[in-house]
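Visitor: I've got a model open and a few labels I'd like to see justified. Can you walk me through the reasoning?

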Amino acid sequence: MESTYLNCLALFGVGGAHPGGLNLTRRILSREKVDESTKVLDVGCGTGQTSAFIAKQHQCQVTALDYNKMMLEKAKKRFQSMNLQIETQHGSAENLPFENETFDLLLSESVTAFTDISKTIPEYKRVLKPNGVLLAIEMVRNAVVSEKQLEEILNFYGVRQLLDEQEWLTQFQNAGFKHIEVEKVELQPDALPTEITNDYSLSKQIDPSFYKIFEKHHHLSIVYKDILGCRTFRCSV
Ligand SMILES: C[S@@+](CC[C@H](N)C(=O)[O-])C[C@H]1O[C@@H](n2cnc3c(N)ncnc32)[C@H](O)[C@@H]1O
């Protein structure tokens, strides 16, 4: 298995692998109207922490999608152990295997930056109902970076681009979202992220090289604390 950041998250089975973890998820969801009839899609669900939280809290219909089979297996185990009826779907964010206008709420928590944004954001819009809402938590560039710095960040995280806030807004607008609310997420780069302290689903065998990836992630988040930021985006039509 290739020593990539995403494979590392999958092998350790990190739950809540987005900045702000489950606390941020709770906060952004608390402002939405979610009930038993709400159809929710969690794109890039990882090990399913958010999907499980929503299904348990609101008894709504949740679909959890990821293109990484190991992540999806770990999500399934979580849902079974919690006795939650959550549909799991293997698929890619760039080509969502759903009909147009299927979901009321779509969550994408630290996923879109890893994908081909020009395809993914229009897909989010396509599968949302006309009055649906996209909640996205995204990595954002807060300052100018040198080519060398950019290369290090893109290569390590395996992201295709590092957009600033305005560039993200343009992408959402180009896909047809008209109302976009942005909120800055305060990160604490020198503290261990909550996501790697409290929710793991470890694979049986993990090559030592993957521990080094965690260390490097921690190191980079300190080195690039003025460059790497995070925003939540609430997008509707
Ligand atoms: C940083 S993790 C976040 C996982 C989860 N949303 C969470 O907050 O715990 C990124 C997730 O996106 C998934 N992912 C990345 N690119 C994807 C794509 N093109 N289609 C579907 N899933 C993708 C990865 O497999 C991984 O589970």
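Guide: Sure, here are some questions and answers about this predicted model.

Visitor: Let's start with the ligand. Which residues come nearest to the ligand?

Guide: There are 21 residues around the ligand, and A17, H18, G44, D66 and A93 come nearest. By class, that shell splits into nine nonpolar, nine polar and three charged residues.

Visitor: What makes the pair between A17 and the ligand a polar contact?

Guide: A backbone N or O atom of A17 lies 2.7 Å from an oxygen atom of the ligand. The cut-off is 3.5 Å between N or O atoms, so the pair qualifies.

Visitor: And what about the side chain of D66?

Guide: One of its polar atoms sits 2.6 Å from a ligand oxygen. E94 also joins in, with a side-chain N or O atom 2.9 Å from a nitrogen atom of the ligand. Both distances are within 3.5 Å, so these are polar contacts too. As for cover, the ligand has 590 Å² of accessible area on its own, and the protein covers 98% of that.

Visitor: Why is L6 called partly exposed rather than buried?

Guide: Its relative accessible area is 22%. Buried means under 20% and exposed means over 50%, so L6 falls in between and counts as partly exposed. L6 is part of helix α1, residues 5-12. Its C-alpha atom is 7.9 Å from that of G158, although the two residues are 152 apart along the chain.

Visitor: What makes the phi of E101 worth flagging?

Guide: Most residues other than glycine have a negative phi. E101 is not a glycine, yet its phi is positive, about 55°. E101 belongs to the loop between β3 (87-90) and β4.

Visitor: Where is S110, and what is its phi?

Guide: S110 is in the loop between β4 and α5 (117-127). Its phi is near 60°, again a positive value in a residue other than glycine.

Visitor: Why do E101 and S110 both count as partly exposed?

Guide: E101 has a relative accessible area of 48%, and S110 has 22%. Neither value is under 20% or over 50%, so both residues land in the partly exposed class.

Visitor: One last thing: what lines the second largest pocket?

Guide: That pocket has a volume of about 170 Å³. Its lining includes E32, K33, D104 and N131. β4 (103-109) and β5 (128-141) are the elements giving two or more residues, and β5 has the largest share, with three. By class, the lining has two nonpolar, four polar and four charged residues.

Definitions and conventions. Residues are numbered from 1 along each chain as its sequence is written. This is a predicted model: local features need pLDDT of at least 70, side-chain atom pairs count only at pLDDT 80 or more; totals for chains, interfaces and linings use all residues. Side-chain values use heavy atoms; hydrogens and water are left out. A residue is near a molecule or strand if one of its heavy atoms lies within 4 Å of it. A polar contact is a pair of N or O atoms within 3.5 Å; within protein, one must be able to donate a hydrogen and the other to accept it, and residues adjacent in sequence count only if both atoms are side-chain atoms. Accessible areas come from the Shrake-Rupley method with a 1.4 Å probe; for residues, only the protein chains shown count as cover. Ala, Val, Leu, Ile, Met, Phe, Trp, Tyr, Cys and Pro count as nonpolar, Asp, Glu, Lys and Arg as charged, and the others, Gly among them, as polar. On a 1 Å grid over the protein atoms alone, a cavity is a set of points where a 1.4 Å probe fits but cannot get out, and a pocket is an open set with protein on both sides within 12 Å along at least five of seven lines; lining residues have an atom within 4 Å of a point. Grid points are joined across faces, edges and corners, and a volume is the space filled by probe spheres set on the points. Helices (H or I, at least four residues) and strands (E, at least two) are DSSP runs, numbered from the N terminus. Buried means under 20% relative accessible area, exposed over 50%, partly exposed in between (1.4 Å probe, protein chains only).
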